[in-house]
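Hi,

Here's the structure I said I'd pass on. Have a look at it first, and my notes follow below.

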2 protein chains.
Amino acid sequence: MEVELKEMLDDLQSLRQSLSDPTLHASIDKLQSCVDHLTHLAKSVPVRRSKVKDMSAEVVDSNPYSRLMALQRMGIVENYERIREFSVAIVGIGGVGSVAAEMLTRCGIGRLLLYDYDKVELANMNRLFFRPEQVGMTKTDAAVQTLSDINPDVVLESYTLNITTVQGFETFMSSLRNKTFCPSKEGSGVDLVLSCVDNYEARMVVNQACNELNQTWMESGVSEDAVSGHIQLLIPGETACFACAPPLVVASGVDERTLKREGVCAASLPTTMGVVAGLLVQNTLKFLLKFGHVSPYLGYSSLKDYFPTMAMKPNPQCSNAACLERQKEYILAKPARDAEAKAKMEAEASTAAADLPLHADNEWNISVVDDSGLESTGGTSSDALPEGLIHELPSADEFQKPPASEALDTGIVDLEDLRRQLEALNAD
Amino acid sequence: MEVELKEMLDDLQSLRQSLSDPTLHASIDKLQSCVDHLTHLAKSVPVRRSKVKDMSAEVVDSNPYSRLMALQRMGIVENYERIREFSVAIVGIGGVGSVAAEMLTRCGIGRLLLYDYDKVELANMNRLFFRPEQVGMTKTDAAVQTLSDINPDVVLESYTLNITTVQGFETFMSSLRNKTFCPSKEGSGVDLVLSCVDNYEARMVVNQACNELNQTWMESGVSEDAVSGHIQLLIPGETACFACAPPLVVASGVDERTLKREGVCAASLPTTMGVVAGLLVQNTLKFLLKFGHVSPYLGYSSLKDYFPTMAMKPNPQCSNAACLERQKEYILAKPARDAEAKAKMEAEASTAAADLPLHADNEWNISVVDDSGLESTGGTSSDALPEGLIHELPSADEFQKPPASEALDTGIVDLEDLRRQLEALNAD
């Protein structure tokens, strides 16, 4: 806009010089001051930050990546900058997908592919991300606008389409196959697909695409009463696919569109959707950057703050033909997998002696403590903390062990209790 | 801006009519098309949505509250609109506080009080909420700008100050005491204080203020390695205060400012902070709108997806004098509390027969099932679901019970096993 205003000022100046009648100069003056005023107004319009070539760990206020690169110094991630090599596809840019996209954008992901066919409405304003002034825009356009302002380093590709249509599915498949961003990558053109859709039909389509492409993906969902949700990791052939065992309450045999009635909508909350998006992207970061434990399934039941976990094996009777093919391949590849795992273990054992621990130069003196060490010292790891710091809570592992007093009680009552139980059994 | 541009078009038109030399008309044409272009550009500048007088449950795209009011129809919340009566104070508008503020704003909270003294930096861009064009603004100003655009119905009060200074603490206290927004409210002028600060000193100041005011608050925190966090509910006199038992790793006896070194910063992730903000505001909604179980403490350990919970009683040897006073009051008020609880139970019992269940007119046919009913039918509650819908997962309660097969196994091996154990004990 500033370019156009500068051009107008020049045009007005040359018009003034061409004017023979000096009484008209007052009009030119007025127009010029009006352009000046507009120039001032235009300056308050957002200016984008410039792109950053390399991620730096330098601790200065102007570095958008300092707090992420600090994950390396803390010993959490070995090589954070690898995140720029990864492509993630997000299907459904609603209450969960839009927040997941923003989180990945702020983490500096290499490339995001966004799929949605819907438009932004005021009725979406009870969830994070979209703003009232974006009402009427497609969700993909609005997302690209916001995300490119936040981090111009991320390559954004948006697809305004419905993946459940024939045409939409073809474009979806070819976009996942496209390897231009990272030609050396094995498999498809993306590292992970995140399903953030709100219906069973779309989930089955993502499942079909990922089974066909042998593409690892993560599924997410939020209940219609807005107070629970889940995330799930799906690796074709290795874990259950979405058709092997559909999660939570699902429509079976009934067209789900008939379940929705005029004038009725599902409830939603920014809290539940924010938590589910956070858990989904945390699992994504763990999967891509290889740290922590990638959860195969994690539920969130907010009324009781209950978080169930589980793992599901593929169903040999799965109705999805591509799933059965992937299952066969996975079984056939077992000897190769075992050999690879063995070679890796041997290589690690031989280099372990020469290697320094990952956090040797940890300037915070906060170290990732070995579990076995923690147990032997009874949960206190004060050796690992600088003077003046104490662990107030036991570690997660300590918490899951039965308390010592319980074991003691059992030991004391054992004899009498056993005798009584034995008598009861003998009496039968 | 659009007014100015319209005026310029009129001025150009009258200038054209005053011009005797028709060769100059081309310059006017060019200026006019330039103004047209600017008018088009100006239309993409944010326009705020108008205020809404009453929250409506009407299911139309233009209703920003339809998905929240649906919580009533779903039987989750009895009276959602009460949220407009509540005031929440958020101390610290960083990675957790800003997201908490946005969630509450989108939920249509009555009034938010925001406290921070810091400015927005590019180094904050790895967390949700702030945008690069806000760099240099105070966090309070930037938050008010964003939040008032999102929901003009929320009353926003911002305090750009450091609560750990003498002057800052006084303003903090008087702002919490101010009851102009809801003069009939008992106690202080706010319903809840959320502590979203990043250091021990500020937490102790919030603790002091809330103990003095007998103010319920919630504390939140994220670890310096960015991969875990927690929320905690603190009710003066009833639960442990922050000085009774400081959570997680704390600085004791050492000035924590000496722990921070030049060129070193803590790591942070939008995922962990988003999850903690989501859990914090979910607990806030449960507390204010009286649904579900308000968690006294909830941890989030992302490497293992572990969520510890616990409750802490106040410490009779607490170093905080105001805490000891609140503890004394709480004990003295016990007979009154017991009498009130008894009266409430009796009143509920006498009206229970006449009352219809809360979800009788639930148009979704998704019901909040009574726990005891679930247990007696062995986890299947297909009666409560419409035809074609099944519960794929057991309920939270079901999950916590030992699986039936395990009990069966024990029954089968019992006799031999008990004999062996008894022999071993007799041998001693």
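**Strands in chain B, helices in chain A**

One thing before you dig in: this is a predicted model.

I'd begin in chain B, with strands S4 (residues 192-195) and S5: they run parallel and are joined by 3 bridges. If you want a residue to click on, Ser195(B) has Glu219(B) in S5(B) as its bridge partner. To get from S4(B) to S5(B), the chain passes through helix H7(B), residues 200-213, in a right-handed β-α-β crossover.

S5(B) itself spans residues 217-222 and is mostly covered, with 5 of its 6 residues buried. It also pairs with strand S6 (residues 228-234) of chain B, this time antiparallel, through 6 bridges. There, Trp217(B) is matched with Leu234(B) in S6(B). S5(B) and S6(B) make a hairpin with 5 residues between them, and Ala226(B) in the turn has a positive phi of about 70 degrees.

Now over to chain A, for a pair of helices. H4(A), residues 97-106, packs against H8(A), residues 270-289, at an angle of about 45 degrees, and their axes are 9 Å apart. Angles from 65 to 115 degrees count as roughly perpendicular and those under 35 as roughly parallel, so H4(A) and H8(A) are oblique to each other. Their crossing is right-handed. On the H4(A) side the contact is made by Val99(A), Ala100(A), Met103(A) and Leu104(A), while H8(A) contributes residues including Gly274(A), Ala277(A), Gly278(A) and Leu285(A).

Cheers

Methods: Residues numbered from 1 in each chain as written. Chains lettered and ligands numbered in written order. Predicted model: local features only at pLDDT ≥ 70, side-chain atom pairs only at ≥ 80, totals over all residues. Heavy atoms only, no water. Buried < 20%, exposed > 50% of the residue type's maximum accessible area, 1.4 Å probe, protein only. Helix = DSSP H or I, 4+ residues; strand = E, 2+ residues; numbered from the N terminus. Pairing = 2+ DSSP bridges. Right-handed = clockwise from strand over helix to strand, strands pointing away. Axes fitted to C-alpha atoms, helices over the stretch in contact; angles between N-to-C directions. Parallel < 35°, antiparallel > 145°, perpendicular 65-115°, else oblique. Left-handed = near helix turned anticlockwise from the far one by under 90°. Contact = heavy atoms within 4.5 Å.
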